[in-house]
Amino acid sequence: MLEVVDDAVPLGEARAAPAEATLVDVQQAACLALEVALAVRAPEGRASSAMRSLTAAVGARVGLDAGAAADLLLAVRLRDVGMIALPDSVVRNEGPLAAEDWEVISRHPDLGHELLAQLPALASVAEAVKFHHERWDGEGYPDGLQRSAIPLSSRVIAVCDAFVAMASDRPHRRGIGAEAALAQVTEGRGSQFDPDVVDALFGALEELYAAVGTGKGPARESEDGQAGYGSAKRVAGRRFPASRRIARDLAEVVEELDVIPALAPAHDRLLAVTEAAGATPGEIAAAVEDDVGLTIAILRRAHPEGSKAAIVTIPEAVQALGAEGVLQAVHDLPLSEFSWRGSSWETALQRFRTHALAVGRAAMKLAGETLRPDEVLVPALLHDVGKLVFLRARPDYPREILGEARTPEARIIREQRALGVDHPTVGALLLRRWGLPDRLVRAVSEHHQAETAGDAAWVRLADMLVHHAQGGAVDRNRMLSLGYASGLHPQALRNALFELPHTGGSKRRRSDPSPLSARETEIIRSLANAKRYADIAEEHGISMSTVRSHLHSAYSKLEVEDRAQAVLRATEQGWI
């Protein structure tokens, strides 16, 4: 218990407590006071016991001495203390943040440093707090430090903070679990994170999981009620390989891949449409169909465990759930943003979404002459979901495994030879685990079979048309024969091909004139190429404030709130 020294005691008669012990008491008291203020102001800035324990273990493995280790534990508790000084409009904002809001948030390391530097008991940790958002490659903030110029304690905090944040549940989203979080951290080894600290994280977790396996380690949930490291018990005792790649077989990844994240702008759009007064089921369904993650979540909600329903279209699912059911289905859905400098997994997710939407619209166009287009949309959106399993399980997929195979048929053969199974089969397994109807399962599992019919034939034909439209190699004779078998004349195929996107967008490019100025168009295009504001300003010979002014004008014209939505809308419309 902290003792308070009576100010009336003469200086020469003060207690003879060791100076070091007194300093520790004062540090802990000051740290606790700031933690309490941070918990009230920005609760998610508080370091859980899991975060503190892991940081201490990693710090020990990178060789911090006793003094530095003690400072590290203070720094991790206070890493986000600068949030206290941010305005309510940012800290308490529960909706999507605009670009200028993110710029305000990026000031919190500097503000935390300024605050701690003024407190003698905590001044020693001010530098570690200031630089905990720097990146190994120099692309972080606030000062753009790189490699060893970043304090070691800051590098440790950066790795542990990223891992725990991704692995653990949060009030607004589910955690992705320990293994998936480790995969993401591994992707950033040598770019975002110090390689030695990432290696230390592997060692610390290996030791933790071994302890859990013998019954001596922490339980899955930490003492403060927050989720700890996700699937610790399930992977107890497994060694993480020295190659720093997580070797998981396909069955484990199928078990892990329980939820497909939704693209944040699509999720925001669905919420806005669903909560709007007078929204029709058709309008809600159209918003759901704009994203694969949303589509899967709504269908699963419409097929609860034990249900005998066989809903295969989104309009039917929305009708069955109602607006409230739709909101509940996507409430806890994990979200992903555009991959500005993200991992290969995030990039793969975005490519998967783009291709799925293109095939979905192609299938609806083709099937519109002979049956309800909505019936082929869902299997078309989900036809390649099995590839996500391969991408998570095998770092050599697709490049090494598929090699020089160009056509979809040749790639299927390569998958079967190298992995013993192909992506349609694995995709069907996922759909069965999610409780989706047999009709959807069959369409996904059969869409690459030599002899196929029904929904699977429409999906395969649409897939071939999209590959052809985007410059990929396809078996044209096979495409024509599929068209004939489905009752389509070659002229109908030509018309559909003309309607398809020829580049990365998922929707047909419109002929509407762009509302953007030439400079605004250049800046939005630069954002799509993952350039920073400073890079854009230098490239065009303008100030960063001018870049922001152009962006605010572009957001207004495009009727969006942030840069991710601006890039999405401009791409869909064919304006960049």
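**Entry 1: the loop after helix 7**

I started with Arg-147, which sits in the loop between helix 7 and helix 8. A note to myself before going on: this is a predicted model. Arg-147 caught my eye for its backbone, as its phi is positive, about 50 degrees, although Arg-147 is not a glycine. For background, most residues other than glycine have a negative phi, and most peptide bonds are trans. I also looked up how open Arg-147 is: its relative accessible area is 47%, so I put it down as partly exposed.

Next I went back along the chain to Pro-142, which lies in the loop between helix 7 and helix 8. The bond joining Tyr-141 and Pro-142 is a cis peptide bond, with omega about 15 degrees.

Where else did I find a cis peptide bond? Going from Tyr-397 to Pro-398, I found the peptide bond to be cis, with omega near 5 degrees. Pro-398 belongs to the loop between helix 18 (385-393) and helix 19 (399-402).

**Entry 2: Asp-143 and what it touches**

I then turned to Asp-143, in the loop between helix 7 (126-130) and helix 8 (152-167). Its relative accessibility is 44%, so Asp-143 counts as partly exposed. Which residues does Asp-143 touch, leaving out those up to four places away in sequence? I listed Lys-130, Phe-131 and Glu-134.

I also checked Asp-143 against Asp-110. The two are 33 residues apart in sequence, and their C-alpha atoms are 9.5 Å apart in space.

**Entry 3: salt bridges**

Both Asp-110 and Lys-130 had come up, and I found their side chains meeting in a salt bridge, 3.7 Å from N to O. This pair links distant parts of the chain: Asp-110 is in helix 6 (residues 108-117) and Lys-130 is in helix 7, 20 residues apart. Are the two partners buried or exposed? Asp-110 has 31% relative accessibility, so it counts as partly exposed. Lys-130 has 15%, so it counts as buried; the cut-off for buried is under 20%.

The next pair I looked up was Arg-532 and Glu-139, whose side chains form a salt bridge at 3.1 Å, N to O. Here again distant parts of the chain are linked, with the partners 393 residues apart. Arg-532 comes from the loop between helix 26 (518-528) and helix 27 (533-540), while Glu-139 is in the loop between helix 7 and helix 8. Arg-532 is partly exposed, with a relative accessible area of 29%. Glu-139 is partly exposed too, at 28%.

How many salt bridges did I end up with? The count comes to 19. I also noted a network of salt bridges that links Arg-79, Asp-80 and Asp-161.

**Entry 4: leading into helix 14**

Asp-290 and Arg-269 were next on my list: they form a salt bridge, and the closest N and O atoms are 3.5 Å apart. Asp-290 lies in the loop between helix 13 (281-288) and helix 14, and Arg-269 lies in helix 12 (residues 264-275), so the pair ties together parts that are 21 residues apart in sequence. Asp-290 is at 15% relative accessibility, so I wrote it down as buried. Arg-269 is at 32%, so I wrote it down as partly exposed.

One step on, at the start of helix 14, a side-chain oxygen of Asp-291 reaches to within 2.9 Å of the backbone nitrogen of Gly-293.

**Entry 5: helix 14 and His-303**

Why do I call helix 14 largely enclosed by the rest of the structure? Helix 14 covers residues 292-302, and 9 of its 11 residues are buried, so the label fits. Among the buried ones I found Val-292, Leu-294, Ile-296, Ile-298 and Ala-302. Leu-299 is also buried, and its backbone oxygen lies 2.8 Å from a polar atom of the His-303 side chain.

That took me to His-303 itself, in the loop between helix 14 and helix 15 (314-330). Its relative accessible area is 6%, so His-303 is buried. What does His-303 touch, not counting residues up to four places away in sequence? My list has Ala-309, Ala-310 and Ile-311, and also Gly-435, Leu-436 and Pro-437.

Technical notes:
Residues are numbered from 1 along each chain as its sequence is written. This is a predicted model: local features need pLDDT of at least 70, side-chain atom pairs count only at pLDDT 80 or more; totals for chains, interfaces and linings use all residues. Side-chain values use heavy atoms; hydrogens and water are left out. Helices (H or I, at least four residues) and strands (E, at least two) are DSSP runs, numbered from the N terminus. Buried means under 20% relative accessible area, exposed over 50%, partly exposed in between (1.4 Å probe, protein chains only). Contact means heavy atoms within 4.5 Å. A polar contact is a pair of N or O atoms within 3.5 Å; within protein, one must be able to donate a hydrogen and the other to accept it, and residues adjacent in sequence count only if both atoms are side-chain atoms. A salt bridge is a side-chain nitrogen of Lys or Arg within 4 Å of a carboxyl oxygen of Asp or Glu.
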